[in-house]
Amino acid sequence: AKAPVRVAITGAAGQIGYSLLFRIASGEMLGKDQPVILQLLDLPQAQKAVKGVMMELEDCAFPLLAGMVATDDPNVAFKDAQVCLLVGARPRGPGMERKDLLTENAKIFTVQGAAIGQYADPDVKVLVVGNPCNTNAYIAKEIAIKFGRVQAKNFTGMLRLDHNRALSQLASKSSRDVSSLKKLVVWGNHSPTMYADYREVTSNGDNVKNLINDEAWNRDVFLPTVGKRGAAIIEARGLSSAASAANAAIDHIRDWALGSNGEWVTMGIPSDGSYGIPEGIIYGFPVTTENGEYKIVQGLEIDEFSRERMTHTLNELLEERDGVKDLLG
Ligand code: NAX
(Lines give C-alpha, C1' and ligand atoms only; values in the text may rest on other atoms or scores of the structure.)
Protein backbone atom coordinates (compact mmCIF):
# COMPACT_ATOMS: atom_id res chain seq x y z
CA ALA A 1 0.00 0.00 0.00
CA LYS A 2 1.09 3.59 -0.65
CA ALA A 3 2.37 5.75 2.22
CA PRO A 4 -0.25 8.35 3.23
CA VAL A 5 0.06 11.90 1.89
CA ARG A 6 -0.21 14.68 4.48
CA VAL A 7 -2.76 17.26 3.38
CA ALA A 8 -3.07 20.48 5.41
CA ILE A 9 -6.32 22.44 5.06
CA THR A 10 -6.88 25.85 6.61
CA GLY A 11 -10.33 27.21 7.30
CA ALA A 12 -11.35 23.59 7.90
CA ALA A 13 -14.50 24.60 9.78
CA GLY A 14 -15.71 26.87 6.98
CA GLN A 15 -18.19 26.18 4.21
CA ILE A 16 -15.59 25.39 1.53
CA GLY A 17 -13.89 23.11 4.07
CA TYR A 18 -17.15 21.24 4.55
CA SER A 19 -17.41 20.60 0.80
CA LEU A 20 -13.73 19.74 0.45
CA LEU A 21 -12.71 17.42 3.27
CA PHE A 22 -15.05 14.53 2.50
CA ARG A 23 -14.04 14.45 -1.15
CA ILE A 24 -10.34 14.50 -0.29
CA ALA A 25 -10.83 11.69 2.24
CA SER A 26 -12.72 9.63 -0.34
CA GLY A 27 -9.80 9.81 -2.78
CA GLU A 28 -11.16 12.24 -5.34
CA MET A 29 -8.15 14.55 -5.13
CA LEU A 30 -5.09 12.30 -4.98
CA GLY A 31 -6.47 9.03 -6.28
CA LYS A 32 -8.58 6.11 -5.14
CA ASP A 33 -5.46 4.21 -4.04
CA GLN A 34 -3.81 7.06 -2.11
CA PRO A 35 -4.29 7.22 1.68
CA VAL A 36 -4.32 10.70 3.21
CA ILE A 37 -3.73 12.27 6.62
CA LEU A 38 -5.75 15.46 7.13
CA GLN A 39 -4.08 18.25 9.13
CA LEU A 40 -6.82 20.75 9.88
CA LEU A 41 -6.11 24.35 10.82
CA ASP A 42 -8.66 26.84 12.02
CA LEU A 43 -8.92 29.67 14.55
CA PRO A 44 -9.16 28.87 18.28
CA GLN A 45 -12.89 29.75 18.35
CA ALA A 46 -13.56 27.29 15.51
CA GLN A 47 -11.88 24.26 17.10
CA LYS A 48 -15.14 22.88 18.43
CA ALA A 49 -16.69 23.05 14.97
CA VAL A 50 -13.61 21.36 13.47
CA LYS A 51 -14.05 18.54 15.97
CA GLY A 52 -17.62 18.14 14.75
CA VAL A 53 -16.46 17.83 11.15
CA MET A 54 -13.89 15.25 12.24
CA MET A 55 -16.64 13.25 13.92
CA GLU A 56 -18.51 13.20 10.63
CA LEU A 57 -15.36 12.20 8.75
CA GLU A 58 -14.95 9.30 11.19
CA ASP A 59 -18.56 8.34 10.59
CA CYS A 60 -17.88 7.93 6.88
CA ALA A 61 -15.33 5.18 7.67
CA PHE A 62 -13.32 6.21 4.61
CA PRO A 63 -10.79 3.46 3.80
CA LEU A 64 -8.24 6.05 2.60
CA LEU A 65 -8.39 8.28 5.68
CA ALA A 66 -5.23 7.29 7.56
CA GLY A 67 -5.35 9.99 10.23
CA MET A 68 -6.54 13.46 11.24
CA VAL A 69 -5.36 16.26 13.49
CA ALA A 70 -7.03 19.55 14.37
CA THR A 71 -5.01 22.53 15.53
CA ASP A 72 -4.96 26.32 15.74
CA ASP A 73 -1.17 26.36 15.34
CA PRO A 74 0.11 26.76 11.75
CA ASN A 75 3.46 25.21 12.69
CA VAL A 76 1.65 22.01 13.65
CA ALA A 77 -0.79 22.07 10.73
CA PHE A 78 1.89 22.44 8.05
CA LYS A 79 4.42 20.00 9.58
CA ASP A 80 5.64 17.70 6.78
CA ALA A 81 2.59 18.66 4.70
CA GLN A 82 2.86 17.60 1.05
CA VAL A 83 -0.28 19.43 -0.04
CA CYS A 84 -1.50 22.66 1.59
CA LEU A 85 -4.91 24.10 0.79
CA LEU A 86 -5.04 27.61 2.21
CA VAL A 87 -8.76 28.24 2.32
CA GLY A 88 -9.22 30.20 5.55
CA ALA A 89 -8.99 33.96 5.18
CA ARG A 90 -10.36 37.11 6.68
CA PRO A 91 -13.65 37.97 4.94
CA ARG A 92 -14.50 41.55 4.11
CA GLY A 93 -16.48 42.97 7.03
CA PRO A 94 -18.98 45.86 6.93
CA GLY A 95 -17.26 49.15 6.19
CA MET A 96 -13.95 47.42 5.52
CA GLU A 97 -11.92 48.99 2.70
CA ARG A 98 -10.20 46.88 0.08
CA LYS A 99 -6.89 48.07 1.49
CA ASP A 100 -7.79 46.83 5.01
CA LEU A 101 -8.82 43.48 3.58
CA LEU A 102 -5.45 43.19 1.87
CA THR A 103 -3.47 44.04 5.01
CA GLU A 104 -5.53 41.82 7.32
CA ASN A 105 -5.00 38.88 4.99
CA ALA A 106 -1.36 39.75 4.44
CA LYS A 107 -0.82 39.19 8.16
CA ILE A 108 -2.40 35.72 7.99
CA PHE A 109 -0.45 34.66 4.91
CA THR A 110 2.83 36.00 6.29
CA VAL A 111 2.48 33.71 9.32
CA GLN A 112 1.34 30.74 7.24
CA GLY A 113 4.06 31.29 4.62
CA ALA A 114 6.68 31.25 7.37
CA ALA A 115 5.25 28.02 8.82
CA ILE A 116 5.23 26.36 5.38
CA GLY A 117 8.76 27.61 4.67
CA GLN A 118 10.06 26.07 7.88
CA TYR A 119 8.01 22.94 8.43
CA ALA A 120 6.27 21.69 5.27
CA ASP A 121 7.70 19.03 2.98
CA PRO A 122 10.22 20.72 0.61
CA ASP A 123 8.22 19.46 -2.40
CA VAL A 124 4.93 20.75 -0.99
CA LYS A 125 2.14 21.79 -3.36
CA VAL A 126 0.44 24.91 -2.01
CA LEU A 127 -2.90 26.16 -3.36
CA VAL A 128 -4.30 29.42 -2.00
CA VAL A 129 -8.09 29.70 -2.21
CA GLY A 130 -8.71 32.39 0.43
CA ASN A 131 -9.12 35.80 -1.15
CA PRO A 132 -7.49 37.86 -2.49
CA CYS A 133 -5.97 34.50 -3.47
CA ASN A 134 -3.31 35.58 -5.99
CA THR A 135 -1.84 38.16 -3.66
CA ASN A 136 -2.18 35.91 -0.60
CA ALA A 137 -0.25 33.25 -2.52
CA TYR A 138 2.34 35.85 -3.49
CA ILE A 139 2.83 36.82 0.16
CA ALA A 140 3.08 33.22 1.41
CA LYS A 141 5.60 32.47 -1.35
CA GLU A 142 7.76 35.52 -0.72
CA ILE A 143 8.00 34.74 3.01
CA ALA A 144 8.38 30.97 2.65
CA ILE A 145 11.26 31.03 0.18
CA LYS A 146 13.35 33.13 2.57
CA PHE A 147 13.87 29.97 4.65
CA GLY A 148 15.58 28.30 1.68
CA ARG A 149 13.70 24.99 1.87
CA VAL A 150 10.77 25.43 -0.51
CA GLN A 151 10.75 27.08 -3.92
CA ALA A 152 8.58 29.78 -5.46
CA LYS A 153 7.09 27.26 -7.90
CA ASN A 154 5.49 25.39 -4.96
CA PHE A 155 2.98 28.26 -4.53
CA THR A 156 -0.15 28.63 -6.61
CA GLY A 157 -3.44 30.51 -6.53
CA MET A 158 -6.86 29.28 -7.61
CA LEU A 159 -8.08 30.35 -11.05
CA ARG A 160 -9.69 26.98 -11.67
CA LEU A 161 -13.14 28.06 -10.55
CA ASP A 162 -13.06 30.86 -13.13
CA HIS A 163 -11.83 28.32 -15.68
CA ASN A 164 -14.65 25.89 -14.92
CA ARG A 165 -17.24 28.68 -14.90
CA ALA A 166 -16.04 29.80 -18.32
CA LEU A 167 -16.11 26.23 -19.69
CA SER A 168 -19.68 25.84 -18.63
CA GLN A 169 -20.78 29.14 -20.22
CA LEU A 170 -19.03 28.20 -23.47
CA ALA A 171 -20.61 24.74 -23.50
CA SER A 172 -24.10 26.13 -23.22
CA LYS A 173 -23.52 28.92 -25.77
CA SER A 174 -22.01 26.55 -28.33
CA SER A 175 -24.34 23.60 -27.49
CA ARG A 176 -21.32 21.33 -27.13
CA ASP A 177 -20.53 18.94 -24.27
CA VAL A 178 -18.48 20.64 -21.61
CA SER A 179 -16.09 17.66 -21.64
CA SER A 180 -15.38 18.20 -25.35
CA LEU A 181 -13.93 21.69 -24.79
CA LYS A 182 -10.14 21.97 -24.80
CA LYS A 183 -7.59 24.78 -24.65
CA LEU A 184 -9.32 27.39 -22.55
CA VAL A 185 -7.19 29.92 -20.66
CA VAL A 186 -8.07 32.31 -17.87
CA TRP A 187 -5.36 34.94 -17.59
CA GLY A 188 -4.58 37.03 -14.54
CA ASN A 189 -6.19 37.67 -11.19
CA HIS A 190 -9.03 35.74 -9.55
CA SER A 191 -11.27 38.79 -9.60
CA PRO A 192 -13.76 40.33 -12.01
CA THR A 193 -10.75 41.59 -14.02
CA MET A 194 -9.74 38.02 -15.02
CA TYR A 195 -9.58 37.43 -18.77
CA ALA A 196 -11.24 34.21 -19.90
CA ASP A 197 -9.75 33.69 -23.36
CA TYR A 198 -11.50 31.21 -25.64
CA ARG A 199 -9.78 32.08 -28.91
CA GLU A 200 -8.03 28.69 -28.96
CA VAL A 201 -10.88 26.57 -27.61
CA THR A 202 -11.78 23.53 -29.68
CA SER A 203 -14.60 21.01 -29.46
CA ASN A 204 -14.10 17.79 -31.43
CA GLY A 205 -11.78 19.64 -33.79
CA ASP A 206 -13.99 22.71 -34.33
CA ASN A 207 -12.89 26.15 -33.18
CA VAL A 208 -15.53 27.23 -30.65
CA LYS A 209 -14.96 30.94 -31.20
CA ASN A 210 -15.83 30.49 -34.88
CA LEU A 211 -18.85 28.37 -33.93
CA ILE A 212 -20.14 31.08 -31.62
CA ASN A 213 -19.04 33.84 -34.01
CA ASP A 214 -20.21 36.72 -31.84
CA GLU A 215 -17.63 39.30 -30.66
CA ALA A 216 -20.26 41.29 -28.79
CA TRP A 217 -21.24 38.18 -26.78
CA ASN A 218 -17.62 37.75 -25.71
CA ARG A 219 -17.29 41.34 -24.49
CA ASP A 220 -20.80 42.07 -23.27
CA VAL A 221 -22.04 38.72 -21.95
CA PHE A 222 -19.33 36.08 -21.56
CA LEU A 223 -16.60 38.05 -19.78
CA PRO A 224 -18.96 39.90 -17.41
CA THR A 225 -20.88 36.67 -16.62
CA VAL A 226 -17.73 34.77 -15.69
CA GLY A 227 -16.18 37.78 -13.93
CA LYS A 228 -19.26 38.48 -11.81
CA ARG A 229 -20.29 34.88 -11.22
CA GLY A 230 -19.13 34.93 -7.60
CA ALA A 231 -21.34 37.93 -6.88
CA ALA A 232 -24.27 36.30 -8.69
CA ILE A 233 -23.94 33.19 -6.49
CA ILE A 234 -23.94 35.33 -3.34
CA GLU A 235 -27.02 37.17 -4.60
CA ALA A 236 -28.86 33.91 -5.30
CA ARG A 237 -27.72 31.77 -2.38
CA GLY A 238 -27.06 34.35 0.32
CA LEU A 239 -23.67 32.66 0.73
CA SER A 240 -20.57 32.62 -1.42
CA SER A 241 -19.64 29.74 -3.74
CA ALA A 242 -18.55 26.76 -1.68
CA ALA A 243 -19.10 23.39 -3.36
CA SER A 244 -17.96 24.73 -6.73
CA ALA A 245 -14.90 26.32 -5.09
CA ALA A 246 -14.05 23.05 -3.33
CA ASN A 247 -14.52 21.21 -6.63
CA ALA A 248 -12.12 23.60 -8.37
CA ALA A 249 -9.53 23.14 -5.62
CA ILE A 250 -9.74 19.38 -6.08
CA ASP A 251 -9.40 19.73 -9.87
CA HIS A 252 -6.38 22.02 -9.43
CA ILE A 253 -4.46 19.72 -7.06
CA ARG A 254 -5.49 16.51 -8.83
CA ASP A 255 -4.21 17.77 -12.18
CA TRP A 256 -1.02 19.16 -10.62
CA ALA A 257 -0.27 15.95 -8.73
CA LEU A 258 -1.52 13.34 -11.18
CA GLY A 259 -1.02 15.11 -14.54
CA SER A 260 -3.31 16.72 -17.09
CA ASN A 261 -2.52 14.20 -19.86
CA GLY A 262 -1.55 16.95 -22.28
CA GLU A 263 -4.69 19.03 -21.67
CA TRP A 264 -4.43 22.72 -20.82
CA VAL A 265 -5.59 23.81 -17.39
CA THR A 266 -5.47 27.22 -15.77
CA MET A 267 -3.33 27.70 -12.67
CA GLY A 268 -2.33 30.88 -10.87
CA ILE A 269 1.46 30.44 -10.74
CA PRO A 270 4.51 32.65 -10.16
CA SER A 271 5.28 34.17 -13.55
CA ASP A 272 8.62 33.29 -15.14
CA GLY A 273 8.28 36.35 -17.39
CA SER A 274 6.27 34.53 -20.06
CA TYR A 275 3.86 36.65 -22.11
CA GLY A 276 5.40 39.81 -20.65
CA ILE A 277 4.03 39.18 -17.14
CA PRO A 278 6.60 40.36 -14.57
CA GLU A 279 8.48 37.57 -12.84
CA GLY A 280 7.13 36.44 -9.47
CA ILE A 281 3.57 37.76 -9.82
CA ILE A 282 0.96 35.02 -9.25
CA TYR A 283 -0.96 35.14 -12.52
CA GLY A 284 -3.38 32.79 -14.25
CA PHE A 285 -1.61 30.97 -17.11
CA PRO A 286 -2.45 28.05 -19.37
CA VAL A 287 -0.35 25.09 -18.22
CA THR A 288 0.06 21.41 -18.84
CA THR A 289 1.10 19.20 -15.94
CA GLU A 290 3.19 16.04 -15.78
CA ASN A 291 5.09 14.24 -13.00
CA GLY A 292 3.94 16.74 -10.40
CA GLU A 293 5.24 19.77 -12.33
CA TYR A 294 3.42 22.40 -14.37
CA LYS A 295 4.67 24.00 -17.57
CA ILE A 296 3.31 27.17 -19.20
CA VAL A 297 1.86 26.69 -22.68
CA GLN A 298 4.08 28.87 -24.85
CA GLY A 299 3.73 30.55 -28.21
CA LEU A 300 0.13 31.76 -28.06
CA GLU A 301 -0.60 34.81 -30.12
CA ILE A 302 -1.68 37.78 -28.04
CA ASP A 303 -3.90 40.13 -30.05
CA GLU A 304 -4.68 43.71 -29.13
CA PHE A 305 -7.91 42.96 -27.24
CA SER A 306 -6.21 40.17 -25.27
CA ARG A 307 -3.19 42.29 -24.43
CA GLU A 308 -5.42 45.06 -23.16
CA ARG A 309 -7.32 42.61 -20.90
CA MET A 310 -4.14 40.90 -19.70
CA THR A 311 -2.59 44.24 -18.77
CA HIS A 312 -5.72 45.40 -16.99
CA THR A 313 -5.80 42.34 -14.69
CA LEU A 314 -2.01 42.53 -14.25
CA ASN A 315 -2.25 46.14 -13.13
CA GLU A 316 -4.68 45.13 -10.40
CA LEU A 317 -2.19 42.52 -9.17
CA LEU A 318 0.66 45.03 -9.23
CA GLU A 319 -1.47 47.40 -7.17
CA GLU A 320 -2.25 44.65 -4.67
CA ARG A 321 1.42 43.77 -4.43
CA ASP A 322 2.36 47.39 -3.82
CA GLY A 323 -0.28 47.53 -1.08
CA VAL A 324 1.46 44.81 0.93
CA LYS A 325 5.09 45.61 0.06
CA ASP A 326 5.88 47.00 3.51
CA LEU A 327 4.79 43.80 5.24
CA LEU A 328 7.21 41.66 3.28
CA GLY A 329 10.31 43.38 4.68
P1 NAX B 1 -16.06 30.64 5.70
O2 NAX B 1 -16.15 31.96 6.38
O3 NAX B 1 -17.22 29.73 5.67
O4 NAX B 1 -14.85 29.82 6.36
C5 NAX B 1 -13.60 30.37 6.58
C6 NAX B 1 -12.94 29.60 7.69
O7 NAX B 1 -11.60 30.05 7.80
C8 NAX B 1 -13.60 29.81 9.05
O9 NAX B 1 -13.78 28.56 9.68
C10 NAX B 1 -12.59 30.69 9.78
O11 NAX B 1 -12.59 30.46 11.18
C12 NAX B 1 -11.30 30.21 9.15
N13 NAX B 1 -10.17 31.14 9.28
C14 NAX B 1 -10.17 32.48 9.23
N15 NAX B 1 -8.94 32.95 9.44
C16 NAX B 1 -8.14 31.89 9.61
C17 NAX B 1 -6.76 31.73 9.86
N18 NAX B 1 -5.97 32.78 10.02
N19 NAX B 1 -6.26 30.48 9.96
C20 NAX B 1 -7.06 29.41 9.84
N21 NAX B 1 -8.38 29.49 9.61
C22 NAX B 1 -8.91 30.72 9.49
O23 NAX B 1 -15.51 30.96 4.24
P24 NAX B 1 -15.56 30.05 2.93
O25 NAX B 1 -16.84 30.24 2.24
O26 NAX B 1 -15.14 28.68 3.28
O27 NAX B 1 -14.46 30.78 2.03
C28 NAX B 1 -13.10 30.78 2.38
C29 NAX B 1 -12.31 31.70 1.46
O30 NAX B 1 -12.39 31.27 0.11
C31 NAX B 1 -12.75 33.15 1.47
O32 NAX B 1 -11.60 33.98 1.56
C33 NAX B 1 -13.39 33.33 0.11
O34 NAX B 1 -13.31 34.66 -0.34
C35 NAX B 1 -12.54 32.42 -0.73
N36 NAX B 1 -13.08 31.99 -2.03
C37 NAX B 1 -12.20 31.87 -3.04
C38 NAX B 1 -12.59 31.44 -4.30
C39 NAX B 1 -11.57 31.32 -5.39
O40 NAX B 1 -11.97 30.98 -6.52
N41 NAX B 1 -10.28 31.55 -5.17
C42 NAX B 1 -14.00 31.13 -4.60
C43 NAX B 1 -14.81 30.86 -3.38
C44 NAX B 1 -14.51 31.72 -2.19
O45 NAX B 1 -15.14 32.95 -2.35
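Tutor: A residue counts as near a molecule or strand if one of its heavy atoms lies within 4 Å of it. The model is predicted, so local features need pLDDT of at least 70 and side-chain atom pairs count only at pLDDT 80 or more, while totals for chains, interfaces and linings use all residues. Residues are numbered from 1 along each chain as its sequence is written, and side-chain values use heavy atoms, with hydrogens and water left out.

Student: Which residues are closest to the ligand, and how many surround it?

Tutor: By that criterion 22 residues surround the ligand, the closest being Gln15, Ile16, Asp42, Val129 and Asn131.

Student: What makes the approach of Asp42 to the ligand a polar contact?

Tutor: A polar contact is a pair of N or O atoms within 3.5 Å; within protein, one must be able to donate a hydrogen and the other to accept it, and residues adjacent in sequence count only if both atoms are side-chain atoms. A polar side-chain atom of Asp42 lies 2.5 Å from an oxygen atom of the ligand, so the pair meets the 3.5 Å limit. A polar backbone atom of Ile16 is 3.0 Å from a ligand oxygen, and an N or O atom in the side chain of Gln112 is 3.4 Å from a ligand nitrogen. The ligand alone exposes 880 Å², of which the protein buries 81% (Shrake-Rupley method, 1.4 Å probe; for residues, only the protein chains shown count as cover).

Student: Why is the space taken by the ligand called a pocket?

Tutor: On a 1 Å grid over the protein atoms alone, a pocket is an open set of points with protein on both sides within 12 Å along at least five of seven lines, and lining residues have an atom within 4 Å of a point. A molecule sits in one if more than half of its atoms lie within 2 Å of its grid points. The ligand occupies the largest pocket.

Student: How do you know whether the UniProt "binding site" residues gather at one spot or not?

Tutor: The unreviewed UniProt entry lists Arg92, Arg98, Asn131 and Arg165. They span 74 residues in sequence and their farthest two C-alpha atoms are 24.6 Å apart, so they do not all gather at one spot. The lining of the largest pocket nevertheless includes Arg92, Arg98, Asn131 and Arg165.

Student: What does His190 touch, and what is its annotation?

Tutor: UniProt lists His190 under "active site" in an unreviewed entry; such annotations may be inferred rather than shown by experiment. With contact meaning heavy atoms within 4.5 Å, His190 touches residues including Asn131, Cys133 and Arg165, not counting those up to four places away in sequence.

Student: What joins Asn131 to Pro132?

Tutor: A cis peptide bond, with omega about -5°, joins them.

Conventions: On a 1 Å grid over the protein atoms alone, a cavity is a set of points where a 1.4 Å probe fits but cannot get out, and a pocket is an open set with protein on both sides within 12 Å along at least five of seven lines; lining residues have an atom within 4 Å of a point.
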